Amino acid sequence: MTAYSTLSDHELIALLARDDNNAFKTLYDRHAQALYLAAFKKLPVPHLLEDLLQEIFLTLYRKRSSLGEIINLRAYLHSALRNRILNELRNSLIHEQHHQQLLIPEATESTCNYDLQLLEKRFGEALDRLSSRSREIFLLSRRDELSYKEIAERLGISVKAVEKHMGKALQVMRSEFKDYGVMAVVGLAVVERWV
């Protein structure tokens, strides 16, 4: 009998493509909790996250015969969850806009006038304004969730240098998104962590 827990993700994906349900269970057990915990930091709504995770793994199972092209399953799953969360936020913003328009028709000018695609685009543009070192440090902090000490060790620089680069990066981000309001900050927090 195969010791599934000792197999790599790539080996488990190959078994899953042959309808091996134990491989699917092992992949779920291996990745679901880490995905949930990472996502909870960005969107602390347990029932919603559970639904989104279920959708992601259901999609993974449905696409099991075409998963061979996935090189890094962890990154694939995190990206899928990020996209689901962004879609959920986008849908919530749209719902809130419609709700506000129904309640107070004259207040339509004060509702959100942006979407998350625009927010993502602006975030990408803000990243492009950073020096390559500041961008690298910012993404290691926000996307990879490394501490300043871990970043300093990885890059062979001091913690003070990391703090300096993060200060510059955050200043650019604050400047870029100062006019966007509270929901943009929520969206940006998600985008920052998942880009």
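**Figure 1. Overall fold of the predicted model.** From the N terminus on, the elements of the protein run α-α-α-α-α-α-α-α-α. The model is predicted, and the protein has nine helices and zero strands. Of its 195 residues, 39% are buried. Among contacts between residues at least 6 apart in sequence, 63% join residues at least 24 apart.

**Figure 2. The largest nonpolar core.** This core holds 28 residues, and Phe-57, Leu-60, Leu-73, Leu-77, Leu-81 and Ile-85 are the ones that touch the most other members. At least two core residues come from each of α1 (9–17), α2, α3 and α4 (73–103). In soluble globular proteins, nonpolar side chains tend to be buried together.

**Figure 3. Surroundings of Leu-77.** Leu-77 is one of the residues that touch the most other members of the largest nonpolar core. When neighbours within four places in sequence are left aside, Leu-77 is in contact with His-31, Leu-35, Ile-56, Phe-57 and Leu-60. Two of these partners, Phe-57 and Leu-60, are also listed with Leu-77 among the core residues that touch the most other members.

**Figure 4. A second nonpolar core.** Separate from the largest core is a second one, made of 18 residues. Its members include Leu-127, Leu-130, Ile-151 and Met-166.

**Figure 5. The second largest pocket.** The space in this pocket is about 170 Å³. Its lining consists of Phe-24, Tyr-28, Ala-32, Gln-33, Tyr-36, Glu-50, Leu-53, Gln-54, Phe-57, Leu-58 and Tyr-61. Both α2 (21–42) and α3 (46–62) supply at least two lining residues, and α3 gives the most, with six. Sorted by class, the lining has eight nonpolar, two polar and one charged residues. Phe-57 lines this pocket and also belongs to the largest nonpolar core.

**Figure 6. Ser-134 and its side-chain contacts.** Ser-134 lies in helix α6 (residues 132–142). With a relative accessible area of 3%, Ser-134 counts as buried because this value falls under the 20% cut-off. The side chain of Ser-134 makes a polar contact of 3.1 Å with that of Ser-131. Another polar contact, of 2.8 Å, joins the side chains of Ser-134 and His-165. Leaving out residues up to four places away in sequence, Ser-134 touches His-165, Lys-168 and Ala-169. His-165 thus appears in this view both as a polar partner of Ser-134 and among the residues that Ser-134 touches.

Notes: Residues are numbered from 1 along each chain as its sequence is written. This is a predicted model: local features need pLDDT of at least 70, side-chain atom pairs count only at pLDDT 80 or more; totals for chains, interfaces and linings use all residues. Side-chain values use heavy atoms; hydrogens and water are left out. Helices (H or I, at least four residues) and strands (E, at least two) are DSSP runs, numbered from the N terminus. Buried means under 20% relative accessible area, exposed over 50%, partly exposed in between (1.4 Å probe, protein chains only). A polar contact is a pair of N or O atoms within 3.5 Å; within protein, one must be able to donate a hydrogen and the other to accept it, and residues adjacent in sequence count only if both atoms are side-chain atoms. Contact means heavy atoms within 4.5 Å. On a 1 Å grid over the protein atoms alone, a cavity is a set of points where a 1.4 Å probe fits but cannot get out, and a pocket is an open set with protein on both sides within 12 Å along at least five of seven lines; lining residues have an atom within 4 Å of a point. Grid points are joined across faces, edges and corners, and a volume is the space filled by probe spheres set on the points. Ala, Val, Leu, Ile, Met, Phe, Trp, Tyr, Cys and Pro count as nonpolar, Asp, Glu, Lys and Arg as charged, and the others, Gly among them, as polar. A nonpolar core is a set of buried Ala, Val, Leu, Ile, Met, Phe, Trp, Tyr and Cys residues joined through side-chain atoms within 4.5 Å.
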